[in-house]
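These are my notebook entries on a structure that I went through element by element. The coordinates I worked from are shown here.

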Amino acid sequence: MAPGAVEKAEAASAPGGVEEDPEKKKKREEKAKEKELKKLKAAQKAEAAKAAQAAKAGQPSKKAEEKAKKAAAVPAENDEEQTDPPTPAGEKKRLASEMAKSYSPAAVEASWYEWWEKSGYFVADATDKKKPPFVIVVPPPNVTGALHIGHGLTAAIEDTVVRWRRMSGYNTLWVPGCDHAGIATQVVVEKKIKKDLGLNRHDLGREKFVAEVWKWKESYGGKIGKQQRGIGASLDWSRECFTMDEKRSAAVTEAFVRLFKEKLIYRDNRLVNWDCILRTAVSDIEVDYIDLPGRTMLRVPGHDDLVEFGVITSFAYPLEGGEGEIVVATTRIETMLGDTAVAIHPEDPRYKHLHGKFVVHPFNKRKLPIVCDAELVDMSFGTGAVKITPAHDPNDFETGKRHNLEFINILTDEGNINSNGGKDYEGLKRFEARVAVLKALNEMGLYRGAADNPMRLGICSRSNDVIEPMIKPQWYVSCDGMAKEACDVVRDGRLEIVPKQFEDVWFRWLENIRDWCISRQLWWGHRVPAWYVTLEEDELTEFGVYNDHWVVGRDAKEAEKLASEKYPGKKYKLEQDPDVLDTWFSSGLFPFSVMGWPENTADLQTFYPTSLLETGHDILFFWVARMVMLGMKLTGHPPFKQVLLHAMVRDAHGRKMSKSLGNVIDPMEVIHGITLKELHKRLEEGNLDPREVEKAKAGQTLDFPNGIAECGADALRFALVAYTAQSVNINLDIQRVVGYRHWCNKLWNVIRFAMMNLGSDFVPSQQLDMASLPFGCKWILAVLNSTVEKTVNSFEALNLSEASTAMYSWWLYQLCDVFIEISKPALNGDDTDPAAAQAKKATRDTLWVCLDIGLRLLHPIMPFLTEELWQRLPRRQEDDVKSSIMISPYPSVVEEWRNSTVESEMTSIEIAVRAIRSLRMNYGLQPKQRCALYLLCRTPEVADVMTKGSDIISTLATLSSVKIITEAESAPAGCAVAIVDEQLSAYLLLTGLVDASVELSKLQKKKDEVERFREAITKRMNAPGYADKVPANVQEDNLTKVNKYTAELSTIEEACENFQRLLIG
């Protein structure tokens, strides 16, 4: 071995070497590239700092002088030539004659969407039977307000898939629409009129209030559409719909009528989740649960004082006849006003003597039976006796039905105690009654104590009210049969759920499904198409009292006809149910109602069933399952073939997005950027409580102290798609989006570089002559081919994150980091030299092909930037070029480009380059310092590969020359060496470039300085009483500093050893 320093590089596969796992190898290579890039940037930054310091001192550096000369030689750029001229609305964008120096999202994204939309590129053709259909319906966002970042994720995923399918030759339909969001919209509008007018909905009346909601819808429905356009969503706006428009309303009525006729919709008195503030039943999805560790005081809407929860209270019921007492316990003491029994376990020896006995209610003297119930009662819990309130507890409700108990409702719709609760409590708010009942029991000597009780408390997500279980007459859908069908279509493969892990959740929920309460006591929504018939002869005339007095029809005329047929010759009054239907009922019809169902339209024939349903996993039950159940029942088909479930978007800290936390992000704020002041202003203009506004502002100040930087739609979309690898929760860090915005700038600069090097007269060749292409060109086409294959396969598998990674890696690590660099010598070649001219032409053609395919590959995720850059590329002569990239064909594999040999050889070359770069850094060589390289190849195969790649190695490793040597030869003295693997070593000649003794002297001074710093801190840490007297955060900070100095010393010592070896050599 020739004299010199020895560096051991990573072992890796090379011709004749041992191959490692390709995935691990790829990850290792990518990490190494990132590390080298960071080091290179740091070195460049240090050089720039030196130059700036020299300039400050009045001694301009050579680099500064060269820059000044270049600047003087080049005339000032004409800004007008780099500024896009105005484009009339809807016309194809007019581009500046020259590309701007840097990427501007606002400039790039202007005008393209309007042109796409006006050109009809988004519109699907129901008469086109040649192309296979690909259909998605957008999960209709609530019309309650602006879209948030979760909607942005949905739009990014769906538009990526839609654009890919469109480019792949499908007749693509993506249907837009908004959901009327009954309860959510009513709450928002009620808050608005309260804030603006000081009125509630009852002050306005139903008709005027509904008119106000329609005004809100017109205002915010348009805003949502504008946001979707801003994100780049290629929706077919000619088919835009609203869940309460005329056609969708007709579909809802038809569905209700058909299901009622099949006895799948019925009316019954059951327990519901009741919101006393909204005065309506709410669905399970609108109930959030908070876990209380024990006694907790909470603020409840409508109550001035804080209310106690998380406490279990024990009290005694006197036995009938004064025979003693039985102690029960409850977390809701006020519900004892509606108790109708006490339950015990039939096998409990403590209460055997009480079978068939009664207790006496202490307030109203009602006799309450003692019932035996092994299903409800756990003998080992508490006293083994349970109070039963069938009208206000789900478990007690079932117990009441088993034992035929009386159901006594003690609450009004507003949550006040009614007459059933007794005159002493009537009119009290439910939690005021809690205090009053406790006081009365105490005074009567029946109170037996209280204890902390961990519990889950249901809170309405719309009003923050504590949910109250209450018995109410409601409309229900019988779900058992439909749920079985929904399970069957997944089991037999007619419906696929992605990720597959959610199949178990699907089966678990559907196999334990309860009948679905579909009526809501609201004013905004689809009015229940049912009319109550009050007969003149009815003993009870209260509305709805008889469950068999209902008729269901498509309109009042049909209801009148049905009533007369049901009660011939009788006098009656007909009145429509004032309730509206659950929003999820109309949403459940969405995939086929948007196609015109129940009419047999051309859209329904061509585009139904749809291809894919993409949504968040949190509404798998509430929406997806119901769509499948209703679709199977009403159309005979699953409404879609695949379900793709994405993760829930949380903030960077993993917290749920919440207006009160101030972490809800509007996609437009990320696209266009926003200041902290403007973020605060948005909060002030909303409907938050003033106390919540201040809390939210504090959250915004913490998370976005400088506001949110302008990122653009493409960077946001790419970040969101890349995040989809996380299947449950996405912790969104805006800085990651900013990082992709920098990548957009990189793409911009690549095309700018290409335009300057291709030249204004460049016309791409019709075909590439693969045999004559330079080695580097063959390689980049081979890896591009592999990337196309991996991307398409990932899209087919709906693995969008993997597709985005494949694209990103090719563009950044293979095209930008390698091919662009190794192409520069050829692109700058001498045109008078035939060989150089041929290499230049081949390199230009290859570069053009890479950019054309690379941009089309990337377009589904980044539509605006790719369109702008693609439009600037030169065109082949006589090409059938599409007017837009979005209707151009998606790239496919070119068999001729496959070249595993070239890929393997280039891998070996890149490994050698990394070892050489590492060697340069270890010896502190600056980028401009070029040195000679001697590559010792121990086999002819390795020598052949390195010979092919010598120019590439020279360019990428910044060398003056590369010489291939064998073991029979020696590298000159003064070389540093890196062992690449057992078959290859790299010798870098440092003579004249590095003065080892000078560098050693510098390092020794640095070492002494770092040792002093470490010793000073260590001395403080070893002082008596340090652990007790010094704050924990200071101790932690000191430990961090010691570890940092220790690591720095290790690096310095390693560098010293390198230079010592160079001196010895």
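Entry 1, a strand pair. I looked up the partner of Val-977 and found that Val-977 stands opposite Tyr-987 in strand E34. Strand E34 covers residues 984-989, and 6 bridges join it to strand E33 in an antiparallel arrangement. I take two strands as paired if DSSP finds at least two bridges between them. Helices (H or I, at least four residues) and strands (E, at least two) are DSSP runs, numbered from the N terminus. The connection from E33 to E34 is a hairpin through 2 residues. I then checked cover: E33, residues 975-981, is mostly covered, with 6 of its 7 residues buried. Buried means under 20% relative accessible area, exposed over 50%, and partly exposed in between, with a 1.4 Å probe and protein chains only.

Entry 2, basis of the values. I note that the model is predicted, that local features need pLDDT of at least 70, that side-chain atom pairs count only at pLDDT 80 or more, and that totals for chains, interfaces and linings use all residues. Residues are numbered from 1 along each chain as its sequence is written, and side-chain values use heavy atoms, with hydrogens and water left out.

Entry 3, the chain as a whole. I recorded 33 helices and 34 strands for the protein chain. Its C-alpha atoms fill a box of roughly 115 × 85 × 55 Å along the principal axes. Of the 1065 residues, 51% count as buried. The accessible surface comes to about 49,200 Å², and carbon and sulfur atoms hold 51% of that surface; the areas come from the Shrake-Rupley method with a 1.4 Å probe, and for residues only the protein chains shown count as cover. I also looked at contacts, meaning heavy atoms within 4.5 Å. Among contacts between residues at least 6 apart in sequence, 76% join residues at least 24 apart.

Entry 4, an open sheet. I traced an open sheet of 4 strands in the order E14-E15-E13-E16, with mixed pairing. Its edge strands are E14 (358-360) and E16 (385-388), each of which pairs on one side only. The twist averages 30 degrees from one strand to the next, where axes are lines fitted to C-alpha atoms, for helices over the stretch in contact, and angles run from 0 to 180 degrees between N-to-C directions. E14 is joined to E15 (residues 367-372) by 3 bridges, and the two run antiparallel. Within this pair, I found Val-359 opposite Leu-368 of E15.

Entry 5, two helices and what follows them. H9 spans residues 246-261; its 16 residues reach 23 Å from first C-alpha to last, close to the 22 Å expected at 1.5 Å a residue. The expected span is 1.5 Å times one less than the number of residues. Among the buried residues of H9 I listed Arg-248, Glu-254, Phe-256 and Leu-259. Just after H9, Lys-263 takes a positive phi of about 60 degrees. H28 (residues 900-922) has 23 residues and reaches 33 Å, close to the 33 Å expected. Gly-924 follows H28 and has a positive phi, near 65 degrees.

Entry 6, Thr-185. Is Thr-185 buried or exposed? Thr-185 counts as buried because its relative accessibility is 0%. I placed Thr-185 in helix H6, residues 182-197. Its side chain reaches the backbone oxygen of His-180 at 2.7 Å. Leaving aside neighbours within four places in sequence, Thr-185 is in contact with Val-143, Thr-144, His-180, Val-213, Trp-216 and Trp-524.

Entry 7, Ser-463. I located Ser-463 in the loop between strand E18 (455-460) and strand E19 (468-477). Ser-463 is buried, at 14% relative accessible area. Which residues does Ser-463 contact, leaving aside its neighbours within four places in sequence? I found Asp-275, Ile-277, Leu-278 and Pro-301. The side chains of Ser-463 and Asp-275 make a polar contact at 2.4 Å. A polar contact is a pair of N or O atoms within 3.5 Å; within protein, one must be able to donate a hydrogen and the other to accept it, and residues adjacent in sequence count only if both atoms are side-chain atoms. The backbone nitrogen of Asp-465 lies 3.2 Å from a polar atom of the Ser-463 side chain.

Entry 8, Ser-611. Ser-611 lies in strand E27, residues 610-616, and is buried, with a relative accessible area of 11%. Not counting residues up to four places away in sequence, Ser-611 touches Pro-133, Phe-134, Val-135, Phe-640, Lys-641 and Gln-642.
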